[in-house]
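Reader: I have a structure open and would like to go through it slowly with you. Could we look at it together?

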Amino acid sequence: MTSAERLAEIVDALESVGLRCLVMGGHAVRYYGFERTTIDFDLHLGADGWDDLPSRLTQLSLTAGVELTEGNTWRPGAFRRFLIGRLPDGREEWLEFWRFNHLLAPFPELYSRRETGEYGGRKLSFLSLPDLIRSKETDREVDWQDIERLEEFLDARLFAAAMSDAANRTNALSSVRSRRGFERLLAEGWIRDAPLAASAIAAVSSPIPWAYLRPFVADAGAPPQEFRLEPLVEQKLRTVAGGSLAHISVVEIVRLQYKRLRKAADAADKQAIRAAQNS
Amino acid sequence: MVLTSDLESDPVCRLLLSGEAQTVAEAEKMYLELALPEAIALLASGLSDEELGNHPLMVMYRTHGSRGWEDSIR
């Protein structure tokens, strides 16, 4: 049995005891197209069933004959993990559940944005691609390696949607985060369409698309409020030739600053939890 | 040719020699973090776009940044 089939079996079993879930983590990354190994089963649950999770899990056929062991968690109330057996190679098999993830919206909102697709031989529900990217903006470098690829996939999807319907072009521009996505939009000529670029930059929620678009918009507002750019960076983005190597370099500086800020926020959140637990 | 002459002055080599980084890629990533103030100062240095884009530090930011399309498939 492949790990994808095992996941499908697990989700089937969870649904059989009334647990609705969304797949996140490494399997969701694989579903969206980045083929990498994972042995973790990361799921986001609704609030229902959280308190009696151990008793529901013991009803599952896939844990029959195995003593269910709950592992330690340093986010009590938000994250739980259970040892459900061992893999053929002897490694432990863990099921990990989020009820509330500090980087994400509440479950009902995530569920309303879910993507359903074939995986491991059945239809499963996954975090939407933008939500998955957000869930990976942690202080762990390995998550940012996933983000690099996921951003390319998201940009490719948004580009395809914009190719089939011009009404989607603003969204493709205002969301662009990968260099490949940017180069595709540039080659298509959409970024040099001043009214389109202006409407897109007004809709951005991240400093990265803002940095990609800024040189093409004569009179843009400030970058998204949450992320203040260095004045020298902002000033350079006003004057640099759009699409030049210098422009791409400045975008990469903005990307590094964004990553640093997100990592620091996640680390601070973990630190606050640890401090509260130790006090 | 003496390969060791510039090792001490090269910040990436220093990170490797000190054991702070295990690989060249890791050392370069660490260096790019440390060099952000220098990179931002470069933006105001009066370099032309072409000079700025070809500056070794900026080349390194792009190399470690988001991938572009290969020239052959553009």
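**Two chains, piece by piece**

Reader: Let's start small: where does R14(B) lie?

Author: R14(B) sits in helix α1 of chain B, which covers residues 11–17; helices here are DSSP runs of H or I with at least four residues, strands are runs of E with at least two, and both are numbered from the N terminus. Please keep in mind that this is a predicted model, in which local features need pLDDT of at least 70 and side-chain atom pairs count only at pLDDT 80 or more, while totals for chains, interfaces and linings use all residues. Residues are numbered from 1 along each chain as its sequence is written, and chains are lettered from A and ligands numbered from 1 in the order in which they are written.

Reader: And why is R14(B) called partly exposed?

Author: R14(B) is partly exposed because 15 other C-beta atoms lie within 10 Å; a residue is buried with 20 or more other C-beta atoms within 10 Å of its own, exposed with 12 or fewer, and partly exposed in between, the C-beta atoms being placed from the backbone. As for its surroundings, R14(B) and A27(B) are 13 residues apart in sequence and 8.7 Å apart in space, C-alpha to C-alpha.

Reader: What about the rest of chain B, how many helices and strands are there?

Author: Chain B has five helices and zero strands, so to speak α-α-α-α-α when it is read along the sequence. Of its 74 residues, 16% count as buried.

Reader: Okay, and how many helices and strands does chain A have?

Author: Chain A has 12 helices and seven strands, and its C-alpha trace spans about 65 × 50 × 35 Å along the principal axes. Of the 279 residues of chain A, 39% count as buried.

Reader: How much of the contact in each chain joins residues at least 24 apart?

Author: In chain A the share is 51% of the contacts between residues at least 6 apart in sequence, and in chain B it is 19% of the contacts with a separation of 6 or more. Two residues are in contact if their C-beta atoms, placed from the backbone, lie within 7 Å.

Reader: Switching to α6(A), how many residues does this helix have?

Author: Helix α6 of chain A, residues 141–164, has 24 residues and reaches 36 Å from its first C-alpha to its last, close to the expected 34 Å, where the expected span is 1.5 Å times one less than the number of residues. Its buried residues include I147(A), L150(A), L154(A), L158(A) and F159(A), and what covers the buried residues of α6(A) includes α2 (25–31), α5 (129–135), α7 (169–175) and α8 (179–188) of chain A.

Reader: What comes in the loop between α6 and α7 of chain A?

Author: N168(A) is found in that loop, and N168(A) is partly exposed, with 15 other C-beta atoms within 10 Å. Apart from neighbours within four places in sequence, N168(A) is in contact with A161(A) and A162(A), and A162(A) is one of the buried residues of α6(A).

Reader: Now the part where the chains meet: how many residues of chain A and chain B are in contact?

Author: There, 18 residues of chain B are in contact with 21 residues of chain A. On the side of chain B that touches chain A, the elements giving two or more residues are α3 (36–43), α4 (49–54) and α5 of chain B.

Reader: At what angle do α12(A) and α5(B) pack?

Author: Helix α12 of chain A (residues 245–278) and helix α5 of chain B (residues 56–63) pack at an angle of about 65°, with their axes 9 Å apart; the axes are lines fitted to C-alpha atoms, for helices over the stretch in contact, and angles run from 0 to 180 degrees between N-to-C directions. Among the residues that meet there are I248(A) and I253(A) in α12(A), and M58(B) and Y61(B) in α5(B).

Reader: And which residues of α12(A) meet α3(B)?

Author: V250(A), I253(A) and L256(A) in α12(A) meet L36(B), A39(B), I40(B) and L43(B) in α3(B). By class, this contact of α12(A) with α3(B) has seven nonpolar, no polar and no charged residues, where Ala, Val, Leu, Ile, Met, Phe, Trp, Tyr, Cys and Pro count as nonpolar, Asp, Glu, Lys and Arg as charged, and the others, Gly among them, as polar. The axes of α12(A) and α3(B) come within 11 Å and cross at roughly 145°.
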